[in-house]
Amino acid sequence: MKKLPAPLFIPTLGFGLGIVIQAYVGVPYILGIAVPLLIITILTKNRLIPLLLLIMASGSLSYDIQIQRVSNPLEDYLMFTKKNVEYIEGYVTNKKTNVLGNNEYEVQTNSTNIFPFSVKLKLYSRDDILSIGDLFTSKIELELYETSMNPGQFDYAEYMRNKGIHGKGSFIGKTIVNSTKFSIPIYINILRRRVLRVINVKFQGTHGFVKAILLGERSELFETKDLFKQAGIMHLLAISGLHVGIIYLFIFTLLRLVLPKRLTILLANIVILGFWMLCYNSPSVTRAVIMILVVSIAKLLERDIGILQLLSTAALVILAVNPLELFNVGFQLSFIAVYSILVVSPCLRLINPHEENKYKKHLLNPVIVTICVNIFLLPIILYYFHEAPIVGILSSVPAILVFSFYLPVTLLILLIPFSGISNFLLPVSEIAQELLLYVSNLAGRFPFKLNFIIVPTLIIALYWLIILLVPIIKKKVVLVILFICFTVAFILSNIWTRDKFEIISFAVGHGDCHLIRNNDDITLIDLGDFRYSTSAFERHVLPYLKAEGLSRINRLIITHQHNDHYGGLLPLLLECDVDEIIISNNFAKSRLYKHWQEVESILTDMKHTIVIDTLSIREGDLTLTLINPADNPREFSANNQSLLAKVEFNDLSMLFTGDLEIEGEVEVLQKYREYLRSDVLKAGHHGAKNTLCYEFLNAVAPHLVIIPVNQKGYSVLSDKTLNKLCACEIETYITGSDGAITIKQYEDSFRAKSYYSGNEVTVSIISP
């Protein structure tokens, strides 16, 4: 084993390992580190191990400190179930105007007797009422960001909290401007807005694209984002080390034409620091800037610094400032990309950095490196997102070549004050942009995509081990074999069928979506709502399906024709194969269903089953009974036409009632009483006051009632219903406050557990 040419490599690994241990194991760093450190120091003369333990302890401690620093004081202060109206004082640190004309303000509040917190908020207004730096007093409708309430769901609240933003809201009263305050961050944001205005003027037809690649403003791209994502080149629209490297080389080359080398290095670094501040300190930009600064200092001092030492320095600085970045997917992708370029590719002899043939060096090497980077990034992408376009491995090659030309031309147009030169270069940049769009269009036509892929945590840990061992182990062929075995392992893990039974009632806001899983047989009941430009199914349910590799739905049951029960239909059909759709005969006669059949024929590729009275479906140990309560739809509202679904698995039974109200409950009691007895009941109509009559509750006799209702207060959930369930001593879970409810089999019992609150209750005992 050869000696590592990077003294900071092992300390960086130790610091990161300490962060991981503290995050996932929670070993107290004083007892878990200090005691072994003392023992080792006494018993051995080896000072390296105690030093490494001290570094791990510092990583654990820094993680704890950072967790306390980013904790959100508003979580205990604001009511969880609805928005709060608050009077706040603060000042504007940044301002944006989106494409719809709404103004977005980043605000730092001052601690007062009325609002006793100093926190950072994002506030919105249709009116242009404030400027950057304004000190103001206003009435705000304030709420927390959406936290993860379902398995697999992205935790947006944690994401914003790590960025230092604690809540959001809107101005609802008169805003009084008291004075103006200025600071370095405020001046930077003012400069950023001026740059955006210059881009609007100079790039009138393509300003949205230029804002994205220079400042990370992607709000004006719309279809372009989806196009680049399908082509696997979305990284070109996210400010990264690639952008920093191109900009630095461009500035350095320009300045070197007229200035001596040392002065050129100094000025180029000042420019790149300015770019770093304009980009809000993203991890990939920070990493690239630190690397450039370290290399520049080494050159000025005429010192040589190794590549591994360079990467270790950048990682250690970023993690020392913010240990939570270690768990940021952007941070991991950024470092793996550069690590595979600078360390893995040369070690595996995929490229020859000393190639004398200039054509191979400047054309073949970049192509091989680009393909290598995409291959090594693939496991991380699949681990976090469970999908990846394979075509991106190839499309990245021409896209990056064109982008490497497009970005400098764009900078020239932006920096040169002479309109004649700018007007000459503008068509050139537009042609380059058209080439990028052509590449993305062409790549998007190829359906080569890994979707619904599961990468187990153990496998990803092996992947990290392989990557980090590259510069240490002499026999690189061993690593190649390990990497191939690892790749085959996670592909096979998605082919093997895992025995599993579970029922999940997802938290999808004011709406219903339930999953019944019996091994590889999947049933969905309802799909949540669709509001504004996205569906609850996409945000709350689809991430779980992808995480579990569930790309095929055997049957979809839509209880009735209300948006909060069918809103996710189109996203489901775009992402998954659905074998059968089941509806009532009343739904089949509706204009909505006929519209579905006419528009784009979205339902033609699946079997249609119409329930008139009752229907029984049996798959192995699972029995699904569907009940249509309404013989004459004219006498019933749409809610009381809801299909009922009873699920029976071994000794567990659960009854789903759609939006059934008391009128429908009475009808079901008269006709289908024998089907009602169940261990778990999904309450009808989101727990409204006109549901769950005592006779119906007595007939069902549930141990647990689940109420799917949102957490924001825009619901029909009634205290009358909750008091009724309390009087009957029935355990009650509300998805808006408890999160998704999962029912699984545990040896001799079935238990229901809430995802967010962590509550757990036994709902059925399996007979011996």
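Val-391 is buried, with a relative accessible area of 11%; buried means under 20%, exposed over 50% and partly exposed in between, for a 1.4 Å probe and protein chains only. The model is predicted: local features require pLDDT of at least 70, side-chain atom pairs count only at pLDDT 80 or more, and totals for chains, interfaces and linings use all residues. Residues are numbered from 1 along each chain as its sequence is written, and side-chain values use heavy atoms, with hydrogens and water left out. Val-391 sits in the loop between strand 7 (387–389) and helix 15 (392–415). Helices (H or I, at least four residues) and strands (E, at least two) are DSSP runs, numbered from the N terminus. The C-alpha atoms of Val-391 and Ala-443 are 6.3 Å apart in space, although the two residues are 52 apart in sequence.

An open sheet of nine strands follows the order 18-17-15-11-10-9-26-27-28, with mixed pairing. Two strands are taken to pair if DSSP finds at least two bridges between them. Strand 18 (607–611) and strand 28 stand at the edges, each with a single partner strand, so one side of each has no neighbour in the sheet. Neighbouring strands of this sheet are turned by 20° against each other on average, direction ignored. For such angles, axes are lines fitted to C-alpha atoms, for helices over the stretch in contact, and values run from 0 to 180 degrees between N-to-C directions.

The end of this order, strands 26-27-28, was examined by its bridges. Strand 26 (residues 741–746) pairs with strand 27 (residues 749–754) in the antiparallel sense, over six bridges. Tyr-746 stands opposite Ser-749 in strand 27. The bridge partner of Gln-745 in strand 27 is Phe-750. Two residues separate the strands of this hairpin, and Glu-747 in the turn has a positive phi of about 55°. Strand 27 also pairs with strand 28 (residues 760–765), antiparallel and over five bridges. Here the bridge partner of Phe-750 is Ser-764. Phe-750 thus has a bridge partner in each of two strands: Gln-745 and Ser-764. The hairpin of strand 27 and strand 28 has five residues between the strands, and Gly-758 takes a positive phi near 80°.

A second open sheet has seven strands in the order 19-20-21-22-23-24-25, again with mixed pairing. Its edge strands are strand 19 (614–619) and strand 25 (731–734), each pairing on one side only. The average turn between neighbouring strands is 15°, direction ignored. Within this sheet, strand 23 (residues 680–682) and strand 24 (residues 704–707) run parallel and are joined by three bridges. Lys-682 has Ile-706 as its bridge partner in strand 24.

The whole structure contains 19 salt bridges. The criterion is a side-chain nitrogen of Lys or Arg within 4 Å of a carboxyl oxygen of Asp or Glu. One of them joins the side chains of Arg-192 and Glu-217, at 3.0 Å from N to O. Arg-192 lies in helix 6 (residues 184–202) and Glu-217 in the loop between helix 7 (207–215) and helix 8 (223–231), so the pair ties together parts that are 25 residues apart in sequence. Both residues, Arg-192 and Glu-217, are buried.

Lys-500, Glu-502, Arg-517, Glu-548 and Lys-744 are linked in a network of salt bridges. Within it, Glu-502 pairs with Lys-500, the closest N and O atoms being 4.0 Å apart. Glu-502 also meets Lys-744, at 3.9 Å from N to O. This second pair links distant parts of the chain: Glu-502 in strand 9 (residues 501–505) and Lys-744 in strand 26, 242 residues apart. Glu-502 counts as buried because its relative accessibility is 1%. Lys-500 is partly exposed at 22%, and Lys-744 is partly exposed at 28%.

A search of the whole structure finds zero disulfides, defined as pairs of cysteine sulfur atoms within 2.5 Å. For Cys-728, the nearest cysteine sulfur is that of Cys-726, 9.3 Å away. Cys-728 is partly exposed, at 28% relative accessibility. Cys-513 is buried, with a relative accessible area of 0%.

At the surface, Leu-17, Val-20, Tyr-24 and Val-25 make a nonpolar patch of about 410 Å². Patches consist of residues with over 30% relative accessible area and no salt bridge; like charges are joined within 9 Å and nonpolar side chains (Val, Leu, Ile, Met, Phe, Trp, Tyr) within 5 Å. Accessible areas come from the Shrake-Rupley method with a 1.4 Å probe, and for residues only the protein chains shown count as cover. Leu-17 belongs to helix 1 (residues 9–24) and is partly exposed, at 43% relative accessibility.
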